[in-house]
Amino acid sequence: MKIHLIKDTGLSAEVFTEVLDLLNAVPGPLQFTCDADSLINFNEEDTFEHIYVEEKEFKAQKSVSSSSSLLLSQEYSFPLKRSTISWSKLFKSCNDYRLANQVPNGDFVMLLTEQNNERNWFACLDPQKPTNGFIQTSDWSYFIKCSAAFPVAYEVIALVLQKAMFNSIKDVQANAHKDAIGCINDLCVNKKDIILKLRTADICPECMAKLKEKLSFTTIQHAISIMESLRTKMLFSQNFKQAVELSPIHIDESNRIFLPGFENIEIKLTPLEKTLYFLYLKHPEGIAISYLTDFKEEMYSIYAKISGADNINEMRGRINDMGNITTGSASQKISKIKSQFVKAIGEELAKHYYIHGDNGEVKKVEATLKTFDI
Ligand SMILES: [Zn+2]
């Protein structure tokens, strides 16, 4: 089964890629592809302004529980005008893509959009053609403290399963669980319920029975494995996973960095950031930033191996900058590396992995993690 993900111009390429990577982290019969070049550009004529007069109206529409009111009042003042789009426009863009790219009828086309929609749902299938669907990528921060990519990826799976379980949108509304039980089919009438559903990443026996009639065992198993992997990664990123053994660092043949002990989470760094990180991994005794200049040749040989860049002068220039303390290049990269680890596995675990040390002092990565060969 193939699921084509498309995006509108409002959604960042970074979050879009993150969603795709999360979905593709577990191999199986559900195949997720993206077309990053095919951007849906909604213009002014496609949208209308919806005005929320009071905070409680916005909250009621988004079904937010009272606990997030503090967060809301810090972000918005009322009346609040929001650019809004109709469901029919969202589904039309899926259909246009389907026609233009000759997507087979049985494949899904799902639009990831930053746009607020007329009924303020986070995700929905097209009632006319339920292999089309949209998922709203904005507003998640009012409900859950983690990257939007986690709930968005989860909703992609939820829509695929919904298509198999229900015959129509009315059927969804009538038969999804109105009282949250931590099943993928919870209607989620308040914030707490969304968190419950994401944290359990479960399918109740009743829904499972319906799914088994429509989908193969391997497909259901794949969907469950992806949800479980999302759940664990989300817990890592929210710092909930503390008392676990540290994972070794695995660097694969393409120089991608994985943590096999933590759901094989990938730490995404640019080639220059990797160069610096690998240098520190190779030198567990640590290196003060002011001494990086002595390691230029070593950095250059790492960079030449992993960057794929072919302009030698340009490569030398970048490494020279990194070795020159006055440019601030190495410090910037050290803080970017830190933020990538914190984003992936939370502050507590991340500190065992990123390069740390006081200003002007020797910086290092914990030596116990040296389990690789660069
Ligand atoms: Zn259920």
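Visitor: How do α1 and α5 lie to each other, parallel or oblique?

Guide: α1 and α5 are oblique to each other. (Under 35 degrees is roughly parallel, over 145 roughly antiparallel, 65 to 115 roughly perpendicular, the rest oblique.) The model is predicted, with pLDDT of at least 70 needed for local features and 80 or more for side-chain atom pairs, while totals for chains, interfaces and linings use all residues. Residues are numbered from 1 along each chain, and side-chain values use heavy atoms, without hydrogens or water.

Visitor: What angle do α1 and α5 cross at?

Guide: Roughly 55°. The two axes come within 9 Å. Helix α1 covers residues 13–23, and helix α5 covers residues 149–165. (Helices are DSSP runs of H or I, at least four residues; axes are fitted to C-alpha atoms, with angles from 0 to 180 degrees.)

Visitor: Which residues make the contact?

Guide: From α1, they are Val-15, Glu-18, Val-19, Leu-22 and Leu-23. From α5, they are Ala-149, Phe-150, Val-152, Ala-153, Val-156 and Ile-157. (Contact means heavy atoms within 4.5 Å.)

Visitor: What about α5 and α9, roughly parallel or roughly antiparallel?

Guide: Roughly antiparallel. Their axes cross at roughly 165° and come within 10 Å.

Visitor: Which residues meet there?

Guide: α5 brings Phe-150, Ala-153, Tyr-154, Ile-157 and Leu-161. On the α9 side are Ala-223, Ile-226, Met-227, Leu-230, Lys-233, Met-234 and Ser-237. Phe-150, Ala-153 and Ile-157 of α5 are also in the contact with α1.

Visitor: And how do α9 and α13 cross?

Guide: At roughly 50°, with axes that come within 6 Å. That pair is therefore oblique. Helix α9 spans residues 217–237, and helix α13 spans residues 329–350. Lys-233, Phe-236 and Ser-237 in α9 meet six partners listed in α13, namely Val-342, Lys-343, Ala-344, Ile-345, Gly-346 and Leu-349.

Visitor: New topic. What coordinates the zinc ion?

Guide: His-177 does so through NE2. Cys-183, Cys-204 and Cys-207 each do so through SG. The distances run from 2.0 to 2.3 Å. (Donors are N, O and S atoms within 2.8 Å of the metal, or 3.2 Å for Na, K and Ca.)

Visitor: What geometry does the site have?

Guide: The zinc site is tetrahedral, with angles of 105 to 116° among its 4 donor atoms. (For four donors, that takes all angles between 85 and 135 degrees.)

Visitor: How are the donors spaced along the chain?

Guide: The spacing is H-x5-C-x20-C-x2-C. His-177 sits in the loop between α6 (169–175) and α7 (191–200), and Cys-204 in the loop between α7 and α8 (205–214), so the pair ties together parts 27 residues apart in sequence.

Note on methods
Helix = DSSP H or I, 4+ residues; strand = E, 2+ residues; numbered from the N terminus. Tetrahedral: all angles 85-135°; square planar, octahedral: opposite > 155°, others 65-115°.
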